[in-house]
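Reader: Could you take me closely through the salt bridges of this chain, with attention to where the partners sit and how buried they are?

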Amino acid sequence: MISRRVLLAVPALLALWPLARWWRPRALPPVPVLAPPQGPLRVYHLGHSLVGPDMPHMLAQLAPQGHRWNSQLGSGTNLKQHWEPDLAILDFETSNQPPAFRAAREAIGSGDYDAVVLTEMVELRDAIRYFDGAEYFHRWASLARAGAAKTRVYLYETWHHLNDPEGWDSRIASDLDRLWLQQLTGTDSRAVPDRPAYLIPAGQVMAAVARAAKAGEIDGLNAREDLFARSETGALDTIHINDLGAYVVALTHFAVLYQRAPLGLPHQLSRADGSAAQSLSATAAEQVQRIVWQVVLAQPRTGLALAAQAGGGA
């Protein structure tokens, strides 16, 4: 039987329903337009296996000579685990090898980096709700800003499992504003509007490339699964990318960090261990590079002047 207290609360809840229906989060402050880098960058990556060793290594091969990078990674690691010394990081020893590894707290606070790229674990909702994702994003971003006035902070937007019950494409489309920008980085962006976290929209790019592949618009690619890893038995990994996916994500990082169209960049690269990576055809590489640039320019929070002129955003 429904209690009298619940019955009395129903009229009040019904009165609030129109307001709840039309409520929207506050718009984020617009990001200042960035001046393009004048030379190679030194970049720090903090995250997990969706960063991995190969993607930053590919980025270094795409970037101007002299690009340098370091990282601290784990498996499924959230930003709180990276910050709190008493919390374990899964696969820490195997994920962090020299010369790429540099301890995060010391590195990010050192002021040695032109760019610090942060990402959060997925499931992103869990990271925000149970692991204080917004609070720890702000802590890491503040540490980077305190290190040097030149350091730019970036959010690396990723993706969810291909078999997400709400739909992979749907999650990527809906999560960018609601979760990545508003809930994860919104507090930080409002606290420091003159030095916000800029967006590396890799999830948006992956979705765009997957749509183009499905439509037959990329030479040799037929489906989103072509961007994801498989086990030795051929079983699909629904979250981790293969060499082709890493190339797409590295192109996205290049376009945002260097504020340059990735058109004409090399497509035959090596992995972090020195072995040759699987590569797209020259035709497919050009097609993917154009998609990357189109998506980056459509996101004003990347900090590019052309993106700001396009308008939109959170």
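**Salt bridges and their surroundings**

Author: In this predicted model, Arg125 is partly exposed, with a relative accessible area of 24%, and its side chain meets that of Glu166 in a salt bridge with an N to O distance of 2.7 Å. Because Glu166 lies in the loop between strand S4 (152-156) and helix H8 (168-184) while Arg125 belongs to helix H6 (residues 124-130), the pair ties together parts that are 41 residues apart in sequence. Glu166 is likewise partly exposed, at a relative accessible area of 44%.

A second bridge joins the side chains of Asp188 and Arg145, at 2.6 Å from N to O. This pair also links distant parts of the chain, since Asp188 is in helix H9 (residues 186-191) and Arg145 in helix H7 (residues 133-147), 43 residues apart. Here both partners are buried: Asp188 has a relative accessible area of 0%, and Arg145 has 8% relative accessibility, which is under the 20% limit and therefore counts as buried.

The bridge between Arg102 and Glu106, whose closest N and O atoms are 2.7 Å apart, combines two settings, for Arg102 is buried with a relative accessible area of 17%, whereas Glu106 is partly exposed with 46%.

Beyond these pairs, Glu123, Asp164, Arg171, Asp175 and Arg178 are linked in a network of salt bridges, and the count for the model comes to 16 salt bridges. As a general matter, side chains of opposite charge can pair when their charged atoms come close.

Terms used:
Residues are numbered from 1 along each chain as its sequence is written. This is a predicted model: local features need pLDDT of at least 70, side-chain atom pairs count only at pLDDT 80 or more; totals for chains, interfaces and linings use all residues. Side-chain values use heavy atoms; hydrogens and water are left out. A salt bridge is a side-chain nitrogen of Lys or Arg within 4 Å of a carboxyl oxygen of Asp or Glu. Buried means under 20% relative accessible area, exposed over 50%, partly exposed in between (1.4 Å probe, protein chains only). Helices (H or I, at least four residues) and strands (E, at least two) are DSSP runs, numbered from the N terminus.
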